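I opened the notebook to look up a few places in this model. My entries follow in the order in which I checked them.

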Amino acid sequence: MKNFKNIEHIVFGRGSFNTLDKILNPHRNNNDEFIFFVVDNYFKGKELENKIPSEKKDVIRFIDVDPYEPTTEQVDQLRDEVLKNYGLPAAIVGIGGGSIMDIAKAVALMFTNEGSSVLYQGLDLIKNPGVFHIGVPTISGTGAEVSMTAVLTGPEKKLGLKCDWTIFNQVILDPDLIATVPHDKWFYTGMDTYIHCIESENGIFNNALSHAYAEQSLKLCRNIYFGDGQTPENDDKLMIASMMGGLSLTYSEVGVCHALSYGLSKVFGTKHCFANCVIFQHLDDFYSEGVSEFKQMLNKQNIKLPVGLSKEWSDDQINTMSEIAYKLSHMWRHAFGEDWQKRLSIDKLKELYKRM
Ligand SMILES: [Fe+2]
């Protein structure tokens with residue numbers, strides 16, 4: 001059993017981004033009385049920039065999250081720079097995809113916890129509650145908007161700051177914001193949700209609660225990716241599928257694909273959703289039905305994934321990735337059972353990476 005905290009407030013619907021101003025108002029006089037906006041660099045100069053309800057004292061940082069995953073160093077620098085020049089924000093608003101969600105959650109915690117974020121990579125290591133933080137997803141799929149983890153790549157490991165305080169105080173789900181996501185990115189991020197559900201369903205921690213969320217999320221994913229693709233109606237569905245997939249894995253666990261994906265992202269900095277897609281196509285012996293359906297969706301949406309990548313990888317890189325993945329015991333326990341160590345060796349992991 002897990003005693004999980006959920007988001008305090010969620011507003012969903014087209015145009016709900018316009019309620020941000022009203023949501024921020026009661027918080028504006030807290031701490032040093034300014035709002036810190038962390039925004040995906042993609043929106044610089046775009047229409048959304050003008051819609052951000054910022055006031056004179058507020059601070060906006062546009063952050064380029066491509067092509068790499070957020071790092072502990074990046075979060076520490078952002079926190080130090082803002083504290084030094086402006087003080088402690090009244091609230092933090094993250095506007096962007098999964099990486100921006102993770103940065104906003106992590107920075108919110110690091111404002112009130114001393115030292116480097118490296119010290120807090122793990123479960124319940126954070127000592128003080130963070131600053132009030134709001135998530136506004138503009139890409140759906142990772143479930144970062146509902147997750148209690150802010151995933152960061154550090155010098156030693158790729159691991160989240162995970163605790164009850166990581167969860168957003170408020171989330172704004174406005175399907176209008178995901179309308180401009182490029183087709184390939186829209187596919188990879190949506191498939192992250194799909195893979196969350198397949199992995200959540202196939203393992204020992206699956207239960208009626210995680211199953212109910214996964215079942216509904218999978219239904220929405222099939223509707224979207226076998227249906228008309230990127231339409232306004234499907235944007236509504238994808239936003240909810242992402243949230244439900246995230247809740248499903250919160251109450252269950254992810255599995256083989258995510259464990260391998262962490263290794264790939266740590267060594268090559270590969271973006272999470274893309275890494276999952278590259279890996280998942282080779283996992284038929286673990287998730288045969290899911291992989292077969294995934295390949296049909298690839299075809300339907302005309303997406304080509306790279307293969308033969310491992311030919312360029314050194315033995316050292318494959319060893320490092322395998323060791324990183326092997327350490328994610330909670331994922332292996334879920335996927336293979338309590339005796340997972342009898343069923344999985346480092347050599348098996350190397351063989352899996354060599355398939356890619
Ligand atoms: Fe994921």
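**Entry 1: S217**

I began with S217, which is buried, because its relative accessible area is 0%. The model is a predicted one. S217 is found in helix 6. I then listed its contacts, leaving out residues up to four places away in sequence. S217 touches T193, C197, A241, M244 and G245.

**Entry 2: helix 5 against helix 6**

Next I took the helix pair that includes S217. Helix 5 covers residues 183-201 and helix 6 covers residues 208-225. Their axes lie 9 Å apart, at an angle of about 145°. I noted the hand too: helix 5 and helix 6 cross in a left-handed way.

Which residues of helix 5 and helix 6 meet? On the helix 5 side I wrote down W186, F187, G190, M191, T193, Y194, C197, I198, S200 and E201. On the helix 6 side they meet S210, H211, A214, S217, L218, C221, I224 and Y225. Sorted by class, this contact of helix 5 with helix 6 has 11 nonpolar, six polar and one charged residues.

**Entry 3: the iron ion**

I moved to the metal. Which residues coordinate the iron ion? D192 is listed twice, each time through OD. H196, H258 and H272 each give NE2. The distances to the iron ion run from 2.1 to 2.8 Å. In sequence, I read the donor spacing as D-x3-H-x61-H-x13-H. One donor pair links distant parts of the chain: H258 in helix 8 and H272 in helix 9, 14 residues apart. Helix 9 spans residues 272-280.

Are these two histidines buried or exposed? The cut-off for buried is under 20% relative accessible area. H258 has 4%, so H258 is buried. H272 has 13%, so H272 is buried as well.

**Entry 4: helix 8 against helix 12**

H258 led me to a second helix pair, since H258 is among the helix 8 residues that meet helix 12. Helix 8 (residues 256-268) packs on helix 12 (residues 329-336) at an angle of about 155°. Their axes are 8 Å apart. Angles over 145 degrees count as roughly antiparallel. Helix 8 and helix 12 are therefore roughly antiparallel to each other. Their crossing is left-handed.

From helix 8, I listed V256, H258, A259 and Y262. They meet M331, W332, A335 and F336 in helix 12. By class, the contact of helix 8 with helix 12 has seven nonpolar, one polar and no charged residues.

**Entry 5: S252**

Where does S252 sit? I found S252 in the loop between helix 7 (232-251) and helix 8. S252 counts as buried because its relative accessibility is 0%. I set aside neighbours within four places in sequence and read off the contacts. S252 is in contact with K2, S200, F205, N206, S210 and H334. One of these, F205, I also checked by C-alpha atoms: S252 and F205 are 47 residues apart along the chain, and 4.9 Å separates the two atoms.

**Entry 6: N18**

I closed with another loop residue. N18 is in the loop between strand 1 (9-12) and helix 1 (20-24). Is N18 buried or exposed? The cut-off for exposed is over 50%. N18 has a relative accessible area of 56%, so N18 is exposed. The C-alpha atoms of N18 and K51 are separated by 7.7 Å. Along the chain, N18 and K51 are 33 residues apart.

Definitions and conventions. Residues are numbered from 1 along each chain as its sequence is written. This is a predicted model: local features need pLDDT of at least 70, side-chain atom pairs count only at pLDDT 80 or more; totals for chains, interfaces and linings use all residues. Side-chain values use heavy atoms; hydrogens and water are left out. Axes are lines fitted to C-alpha atoms, for helices over the stretch in contact, and angles run from 0 to 180 degrees between N-to-C directions. Helices (H or I, at least four residues) and strands (E, at least two) are DSSP runs, numbered from the N terminus. A crossing is left-handed if the near helix is turned anticlockwise from the far one by less than a right angle, and right-handed if clockwise. Contact means heavy atoms within 4.5 Å. Ala, Val, Leu, Ile, Met, Phe, Trp, Tyr, Cys and Pro count as nonpolar, Asp, Glu, Lys and Arg as charged, and the others, Gly among them, as polar. Angles under 35 degrees count as roughly parallel, over 145 as roughly antiparallel, 65 to 115 as roughly perpendicular and the rest as oblique. Donors are N, O and S atoms within 2.8 Å of the metal (3.2 Å for Na, K and Ca); water is not among the atoms, so sites may look incomplete. Buried means under 20% relative accessible area, exposed over 50%, partly exposed in between (1.4 Å probe, protein chains only).
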